[in-house]
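Thanks, everyone; I would like to take a few minutes on one structure and go through a small number of its elements with some care. Please have the sequence and the 3D view open while I talk.

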Amino acid sequence: MPPPPNPGFLLLRSQTLTPRFRRSPSCDPLLCRPRRCLSARASAAQLSAAGVATAQQPELGVEDAVVGFVTGKRRATEVAHAVWRSIVRKGDTVVDATCGNGNDTLALLKMVADERAQGCVYGMDIQDSAIESTSSFLKMAVDDDHQRELVKLFPICHSRMEEIVPKDAPVRLVAFNLGYLPGGDKTLITVPRTTELALQAASRILSSGGLISVLVYIGHPGGRDELDVVESFASSLPLDTWASCKLQMVNRPVAPVLILLNKK
């Protein structure tokens, strides 16, 4: 039987990334509890949820997304994606710090891929099944092999992103989606300590004019603690080199909170 075809993306495991659960200040297995990932069989439903078939649904601009959010017609995720599109350019390098099932990874790939198949998306998740699900989703959603090769996936904690992103790569965006995966085990979540380390790493690799986007889900135990850490980090950034803002539905106390950090 011939070997299966190359899926067109890179799943990378290097010596610098093993053992995955090495106890260290930056990636302790008790701190980096993996988020459960849905089965790859859910990918067909993801295609619709991620808005892959957008012929009848044009992309939102930032103004329309924000107005829609204020009027309760748009989700925080839609605002985040609209802001990303206003920041990210074709050929850019971006980071998906929490791949999950691959929806954000796909959105970022569509933003950076150009006709010359340039740009790069570095994706990571501490759980192998999340990486596998993202890989399967991209294979289903992206027909162009050259575009899929722009995605490099790593099964590591997001606090270790500096180990995989080249030092000379000007990173335009680092995206976080914090909490548990909808439909998954709510006890498997991102946690404040490694999220704080990941934010620090993101601030170091981000280029001038770039953006850190953090969507924090707070309706589960530990969610508000993680939000406190993110807000504390955002508040500590110097005003002369950073702009920090927050979007939150005040009368929906468990709605996700979007925090955007722009490096001037």
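I will go through two helices, then one strand residue and one loop residue.

First, the ground rules: this is a predicted model, in which local features need pLDDT of at least 70 and side-chain atom pairs count only at pLDDT 80 or more, while totals for chains, interfaces and linings use all residues. Residues are numbered from 1 along each chain as its sequence is written, and side-chain values use heavy atoms, with hydrogens and water left out.

Let me begin with helix 8, residues 223–236, where helices (H or I, at least four residues) and strands (E, at least two) are DSSP runs numbered from the N terminus. Its 14 residues should span 20 Å at 1.5 Å a residue, and the end C-alpha atoms are indeed 20 Å apart; the expected span here is 1.5 Å times one less than the number of residues.

The buried residues of this helix are Gly223, Glu226, Leu227, Val229, Val230, Phe233 and Ala234, with buried meaning under 20% relative accessible area, exposed over 50%, and partly exposed in between, for a 1.4 Å probe and protein chains only. Seen down the axis of helix 8, these buried residues fall within an arc of 160°, so they line one face of the helix, the arc being that of the directions from the helix axis to the C-beta atoms. The face turned away from that buried side carries the exposed residues Ser235 and Ser236.

What do the buried residues of helix 8 pack against? They pack against strand 5 (171–178), helix 7 (192–205), strand 6 (206–216), strand 7 (242–247) and strand 8 (257–263), where contact means heavy atoms within 4.5 Å.

Turning to helix 7, its buried residues, among them Leu197, Ala198 and Ile205, pack against strand 2, strand 5, strand 6, helix 8, strand 7 and strand 8.

In strand 8 we find Val257, which counts as buried because its relative accessibility is 0%. Leaving aside neighbours within four places in sequence, Val257 is in contact with several residues, including Val214, Leu227 and Leu247; the C-alpha atoms of Val257 and Leu247, ten residues apart along the chain, are separated by 6.0 Å.

Finally, Asp92 sits in the loop between helix 3 (76–87) and strand 2 (93–96), and at 12% relative accessibility it counts as buried. The side chain of Asp92 reaches the backbone nitrogen of Arg89 at 2.6 Å.

Technical notes. A polar contact is a pair of N or O atoms within 3.5 Å; within protein, one must be able to donate a hydrogen and the other to accept it, and residues adjacent in sequence count only if both atoms are side-chain atoms.
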